[in-house]
Amino acid sequence: MHLLILGGTVFLSRTIAEVARDRGHEVTCAARGVSGSPPAGVEFVQVDRDQPEGLARLGDANYDAVVDVERQSPTRVRRALEALGSSAAHWTYVSSGSVYTDPGTTGQKATTSPMESPPPEGSDENDRELYGPFKVACENEVRLAVDDKAFLCRAGLIVGPRDISDRFGYWPVRLARGGEVLVPGAPDDLVQYVDVRDLAEWIVHCAKNRVVGTFDGIAPSQPWGQVLQGMLAAVGGPAVSLTWVPADWLGRQEVTPWSGPDSLPLWLPLPDYAGFMSRDVSASVKAGLSTRSTEETATATLEWEKVLGLDRDRRSGISGEREVELLAAWHAAD
Ligand SMILES: NC(=O)c1ccc[n+]([C@@H]2O[C@H](COP(=O)([O-])OP(=O)(O)OC[C@H]3O[C@@H](n4cnc5c(N)ncnc54)[C@H](OP(=O)(O)O)[C@@H]3O)[C@@H](O)[C@H]2O)c1
């Protein structure tokens, strides 16, 4: 298979390029090349999707399959479809779970979940507040042009090597440091994420096998306590003890859920967000998505975190001092 990846220089799209190359496929990555570089052993074509004719250089080649990871611009998605949609036999668009509007109901499926509407006409395609609606608009462009050969993959939280979001990596790093660890919520709370390498393997599998339809790109949910035990087994440092602290108490201390400064990543308020972490992905698994162990993900994530620098200022997570302060307040209140 000759696979064209619109991207290929940073995180998910670069991992797709690596996986496809390692599976023996011919791979072309097309990007500006300003955010990173593609992996060795693939062809790179410099393109700028902000230019109306930016993909013209790709038009003459015949690709068996195209993977587009465009974040949220329906204009860029449409231009790619105009340039390449009729010749490619299979088209993957990486969408997001942010297209869904009901974060609370558990066990929802990709094909029946209520969805955002596209943004109002004239909205700014760079408006991050409109990420979900613009993802819907991007999906609609793909359906309109290549519905019969489209694989719409709605990714959830993507984690692992080359993740630059600073979220998931907080936990392997923290557990590796050892000592008393502040943990939000309860062991039975469900969490759901996907290792970037598993998602990439599945996307390549679906391109090769011409899988079409709309799917969630996320692993089955797991109890949070089990995930932490898996991480501990792989990367746990000296004398780790987990101190479970209820979410409502953390909220009162103004600890932020999910991501951002002074946050505890992966934690979401329940039951409001219970559906976000418990999607029914049996259709994805049936279509070939397989997921590696938490231990493997934790080990590889910690290695990547070391490359980024363990002592850097994180964009997500709490500092060591803040954790000590919170633990003292919790024990005093307990
Ligand atoms: N990360 C998550 O947890 C998560 C969750 C749900 C969904 N998603 C979705 O997953 C997809 C992949 O995300 P990612 O962050 O992993 O992407 P990525 O691999 O970083 O790929 C983005 C690519 O777009 C290229 N690009 C950006 N602007 C361009 C332009 N003007 N012309 C040509 N190429 C351009 C970048 O290269 P250059 O900058 O070098 O051009 C890069 O190769 C996105 O659609 C995202 O919405 C991510």
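This section describes the ligand site, the internal cavities, a surface pocket and two serine residues of a predicted model.

The ligand is surrounded by 30 residues. The closest of these are Thr9, Ser13, Ser35, Val69 and Tyr131. By class, the shell around the ligand consists of twelve nonpolar, nine polar and nine charged residues. Three elements, α1 (12-22), β5 (90-96) and α3 (131-146), each contribute at least two residues to this shell. The greatest contribution is that of β5, which provides three residues.

Polar contacts to the ligand involve both side-chain and backbone atoms of the protein. In the side chain of threonine 9, an N or O atom lies 2.6 Å from an oxygen atom of the ligand. Glutamate 70 takes part through its backbone, with an N or O atom 3.4 Å from a ligand oxygen. For arginine 76, the contact runs from an N or O atom of the side chain to a nitrogen atom of the ligand, at 3.5 Å. On its own the ligand has 910 Å² of accessible area, of which the protein covers 85%.

Serine 13, listed above among the residues closest to the ligand, is located in helix α1. Its relative accessibility is 8%, and serine 13 is therefore classed as buried. The side chain of serine 13 also reaches within the protein, to the backbone nitrogen of glycine 8, at a distance of 2.8 Å.

Empty space inside the protein was examined next. Two cavities of 30 Å³ or more were counted. The largest cavity has a volume of about 80 Å³. Its lining is made up of Pro184, Asp189, Leu190, Val191, Trp224, Leu266, Trp267, Leu268, Leu270 and Met277. Nine of these lining residues are nonpolar and one is charged, while none is polar. Asp counts as charged, so the charged residue in this lining is Asp189.

The second largest cavity has a volume of about 40 Å³. Gly160, Asp163, Asp166, Phe168, Gly169, Thr301, Trp304, Glu305, Leu308 and Arg312 form its lining. This lining divides into three nonpolar, three polar and four charged residues. Because Gly is counted with the polar class, the polar residues here are Gly160, Gly169 and Thr301. The charged residues of the lining are Asp163, Asp166, Glu305 and Arg312.

Among the pockets, the second largest has a volume of about 350 Å³. The lining of this pocket comprises 17 residues, and those nearest its centre are Arg177, Leu310, Arg314, Ile318 and Ser319. Helices α4 (170-177) and α10 (320-333) each supply at least two lining residues. With four residues, α4 gives the most to the lining of the second largest pocket. By class, the lining of the second largest pocket contains five nonpolar, four polar and eight charged residues.

A second serine was also considered. Serine 263 belongs to strand β15, which spans residues 263-265. Serine 263 has a relative accessibility of 0%, and for that reason counts as buried. Its position was compared with that of arginine 292, which is 29 residues away in sequence. Between the C-alpha atoms of serine 263 and arginine 292 the distance in space is 27 Å.

Key
Residues are numbered from 1 along each chain as its sequence is written. This is a predicted model: local features need pLDDT of at least 70, side-chain atom pairs count only at pLDDT 80 or more; totals for chains, interfaces and linings use all residues. Side-chain values use heavy atoms; hydrogens and water are left out. On a 1 Å grid over the protein atoms alone, a cavity is a set of points where a 1.4 Å probe fits but cannot get out, and a pocket is an open set with protein on both sides within 12 Å along at least five of seven lines; lining residues have an atom within 4 Å of a point. Grid points are joined across faces, edges and corners, and a volume is the space filled by probe spheres set on the points. A residue is near a molecule or strand if one of its heavy atoms lies within 4 Å of it. A polar contact is a pair of N or O atoms within 3.5 Å; within protein, one must be able to donate a hydrogen and the other to accept it, and residues adjacent in sequence count only if both atoms are side-chain atoms. Accessible areas come from the Shrake-Rupley method with a 1.4 Å probe; for residues, only the protein chains shown count as cover. Buried means under 20% relative accessible area, exposed over 50%, partly exposed in between (1.4 Å probe, protein chains only).
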